[in-house]
Amino acid sequence: MANKGIILTGHRPTGPRHIGHLVGTLENWREMQDDYTCYFLIADLHVLTTDFEHPDRIQANILSVMTDWLAAGLDPEKATFVRQSALMEHAQLALLFGMLVTVARLERVPTYKDQIQNLGLNPSAGLLNYPVLQSADILIYKADSVPVGEDQLPHIELTREIARKFNTAYGETFPEPEGLLSRAARLPGTDNRTMHSSWGNTIQLGDSPEETTKKVMSMYTDPNRVHATDPGTVEGNPVFDYHDIFNPNIDEIEDFKARYREGKVGDVEVKRRLAEALNEYLAPLRERREAFAQDPKKVLKVLADGTEAARPVVQATLDEANTKMGLK
C-alpha cells in the first residue's frame with residue numbers, strides 16, 4: 001500500500017446509510033484506502049451522547065452501517081474496521097485528554113451549541129466531552145489526516161490543541177492532524193432540507209429500485225412552478241443537484257436545465273429520468289449489498305477481526321500516554 005499517512009474516520013451507527021453518506025464520505029474513503037493506512041470507526045460510544053434511551057437499536061444499526069460500508073466498497077483487505085466500544089483504550093485516553101481541556105473551551109465548540117439548540121437537549125457531560133473522545137479516537141492511532149465535513153473542522157482544531165498541549169507538557173507524542181475536506185458538495189434531502197434519516201427525506205442505500213423511484217417522483221422542485229409550461233428555477237432545486245451527481249449524461253442534463261428554465265419540460269419527465277439514472281448508479285452497490293446482507297455473521301466478523309488487529313496499536317499509544325503522564 002502506498003502510504004501518504006494515517007487516516008481515522010467513521011460514523012455513528014444511528015441507522016442505515018443513505019446516498020448523502022455515499023457521495024459525501026464513502027466514495028471518498030474508498031479512494032483513500034489505496035493511498036493511506038485507514039482506520040474506519042464504528043463510533044457506538046458517541047451514539048449515547050444524544051440517544052442513551054434506545055440501547056435496543058445499537059446492535060442492528062452497527063450491522064446495517066457495516067453492511068452499507070462494505071457494499072460501498074470499503075475493503076477489509078485494504079483498511080481496518082474498528083468498533084469503538086470494544087477498545088476501551090479510546091475512553092481511557094479521552095479521560096486523560098479531559099485533564100488538558102477546560103469546560104469553557106468545550107462550551108465554545110459550535111456543534112455543541114448547535115445540538116443543544118436544534119435538538120432541544122439538556123446536555124450531558126458526555127455530549128460536552130464528545131469532541132474530547134473524538135480527539136482520543138483520532139490520536140490513539142496517531143492519525144495525521146481526518147476526512148471531515150466543514151462543520152467538523154472545529155473538532156479537528158480542538159484535537160490539534162490537545163496534541164499540542166500534550167506534546168508541550170510531556171514531550172513529542174502525537175501528530176497535529178489535518179482535516180481533509182470532502183470534495184463533494186453536501187447533498188440535500190428529497191425535501192430540500194439537510195438530508196437526515198429522522199426527517200424521512202433520505203434515499204437509503206438499502207432501498208429497492210421501486211422505493212427509490214417513488215421517493216424521486218415525490219421530490220421537492222420549484223414551489224413557484226404551477227404548470228409544466230411555467231419557467232422554472234434550476235438553482236436550489238434538488239432534482240437538478242441529483243442529476244449533476246448521478247446522471248453521467250452531461251448533455252442531457254444541460255438540455256433539461258435549459259428547457260426547464262424555458263418552461264418546455266415538466267417535472268415528471270425530469271424526475272423519471274433522474275430515477276433511472278440513480279437506479280443505474282446504485283445497481284452495482286445494491287448487488288454487493290444483497291450478498292453481504294445474506295451473511296450478517298461474515299459482516300460482523302470483518303468488524304471483530306479489524307478491532308482485534310487495532311488492539312495492539314491502541315494499547316501501545318495508551319501505554320505511552322500513561323507513562324509520560326506519570327501513571328506507569
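**A walk from Tyr130 to the cores**

Let's start with tyrosine 130, which is buried, with a relative accessible area of 14%. It counts as buried because the cut-off is under 20% relative accessible area. Keep in mind as you look around that this is a predicted model.

Tyrosine 130 sits in helix α8, which covers residues 130-139. So who are its partners? Leaving aside residues up to four places away in sequence, tyrosine 130 touches Arg12, His46, Thr49 and His155. You can also look across to threonine 50: it is 80 residues away from tyrosine 130 along the chain, yet their C-alpha atoms are separated by 10.0 Å.

Tyrosine 130 also helps to line a pocket, the second largest one. About 230 Å³ of space lies in this pocket. Along with Tyr130, its lining takes in Leu45, Thr49, Ala91, Ala94, Leu95, Gly98, Gly126, Asn129, Val132 and Leu133. Two helices, α4 (89-98) and α8, are the elements that give two or more residues to that lining, and the largest share, four residues, comes from α4. What classes of residue make up the lining of the second largest pocket? Seven are nonpolar and four are polar, with no charged residues there.

Now for the cores. In soluble globular proteins, nonpolar side chains tend to be buried together. Here, the largest nonpolar core has 46 residues, and those with the most contacts inside it are Ile19, Leu26, Phe40, Met66, Trp69, Phe81 and Tyr242. Plenty of elements feed into this core: α1, β2, α3 (58-71), β3 (79-83), α11 (238-246), α12 (250-262), α13 (267-293) and α14 (296-324) each give two or more residues. Which element gives the most to this core? That would be α3, with seven residues.

For a closer look, pick methionine 66. Not counting residues up to four places away in sequence, Met66 touches Ile42, Phe81, Val299, Val302 and Leu303. Apart from the largest core lies another one, of 38 residues, including Tyr39, Leu41, Tyr112 and Val146.

One last stop is glutamine 33, in the loop between α1 (19-32) and β2 (37-42). Is glutamine 33 buried or exposed? With a relative accessible area of 2%, glutamine 33 is buried. Its side chain has a polar partner too: the side chain of glutamine 33 reaches the backbone nitrogen of aspartate 75 at 2.5 Å.

Technical notes
Residues numbered from 1 in each chain as written. Predicted model: local features only at pLDDT ≥ 70, side-chain atom pairs only at ≥ 80, totals over all residues. Heavy atoms only, no water. Buried < 20%, exposed > 50% of the residue type's maximum accessible area, 1.4 Å probe, protein only. Polar contact = N/O pair within 3.5 Å; in protein donor to acceptor, adjacent residues only side chain to side chain. Core = buried A, V, L, I, M, F, W, Y, C linked by side-chain atoms within 4.5 Å. Contact = heavy atoms within 4.5 Å. 1 Å grid on protein atoms, 1.4 Å probe; cavity = no way out; pocket = protein on both sides within 12 Å on 5 of 7 lines; lining within 4 Å. Points joined across faces, edges and corners; volume = space filled by probe spheres on them. Nonpolar A, V, L, I, M, F, W, Y, C, P; charged D, E, K, R; others polar.
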